[in-house]
Amino acid sequence: MSTQPLKILVFSHRPEVRESIVTAVGRRPAADVGRVVFVEVGTVSDVLMEMDGGGIDLAILDGEAQPTGGIGLCRQLKDEITDCPPIVIAVRRKDDRWLATWSRAEAVLVHPLDPLTAAETVADVLRSQRLPVVRG
């Protein structure tokens, strides 16, 4: 049985923010989740193209991205895409977590990113999206 790695979209207009997210989450956030591959994008149009194209298992959006932040973009994606993949928002201030909730994000990460927390959060969101395993 071949298991394809899960695909995680990472959006920020700043390459160093995308790199910090990828580094914090890691290529294998948890043993039971398996390996992941990252699709890094720097523009809203790239996010829309990737999300519309399907195949994305989870998106991590920079809440501070310019000119359009990940919080508003998350809300737009949730409104426009049927069966939208889960979305995690990365914010700079803990006080901005309520905005991520408004956006209907599944989870929030706060900069500076802690690798253990980031990997665990992403793994938890991915687990919650899976169908139960049927054995027998």
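**Two cis prolines, a helix pair and two buried residues**

P112 sits in the loop between β5 and α5. In this predicted model, the peptide bond that joins H111 to P112 is cis, with omega at about -5 degrees. A second cis peptide bond turns up between Q66 and P67, where omega is about 0 degrees. P67 also has its place in a loop, this one between β3 (58-62) and α3.

Back at the P112 site, H111 is found in the loop between β5 (107-110) and α5 (115-129). Is H111 buried or exposed? Its relative accessible area is 10%, so H111 counts as buried, the cut-off being under 20%. Leaving aside residues up to four places away in sequence, H111 touches V17, S20, A90, V91 and R92. With R92 there is also a polar contact of 3.5 Å, side chain to side chain.

Backbone oddities are not limited to the prolines. Most residues other than glycine have a negative phi, and most peptide bonds are trans. D83, which is not a glycine, has a positive phi near 55 degrees. D83 lies in the loop between α3 and β4 (87-91) and is exposed, with a relative accessible area of 74%. R104 is not a glycine either, yet its phi is positive at about 75 degrees. This residue belongs to the loop between α4 (97-102) and β5 and is partly exposed, at 35% relative accessible area.

Next comes the pairing of α2 with α3. Two packed helices are described by the angle between their axes and the distance between the axes. For α2 (residues 44-53) and α3 (residues 70-80), the axes come within 12 Å and cross at roughly 30 degrees. That angle makes α2 roughly parallel to α3, because angles under 35 degrees count as such. The crossing of the two is right-handed. On the α2 side the contact involves V44, V47, L48 and M51, which meet L73, Q76 and L77 of α3. By type, the residues of this contact split into 6 nonpolar and 1 polar, with no charged ones.

Strand β1 (residues 6-11) brings F11 into the picture. With a relative accessible area of 1%, F11 is buried. Not counting residues up to four places away in sequence, F11 touches V44, V47 and L73, among others. Its further contacts include R18, V41, I60, L61, A65 and T68. As for M51, its C-alpha lies 11 Å from that of F11, with 40 residues separating the two in sequence.

Technical notes. Residues numbered from 1 in each chain as written. Predicted model: local features only at pLDDT ≥ 70, side-chain atom pairs only at ≥ 80, totals over all residues. Heavy atoms only, no water. Axes fitted to C-alpha atoms, helices over the stretch in contact; angles between N-to-C directions. Helix = DSSP H or I, 4+ residues; strand = E, 2+ residues; numbered from the N terminus. Parallel < 35°, antiparallel > 145°, perpendicular 65-115°, else oblique. Left-handed = near helix turned anticlockwise from the far one by under 90°. Contact = heavy atoms within 4.5 Å. Nonpolar A, V, L, I, M, F, W, Y, C, P; charged D, E, K, R; others polar. Buried < 20%, exposed > 50% of the residue type's maximum accessible area, 1.4 Å probe, protein only. Polar contact = N/O pair within 3.5 Å; in protein donor to acceptor, adjacent residues only side chain to side chain.
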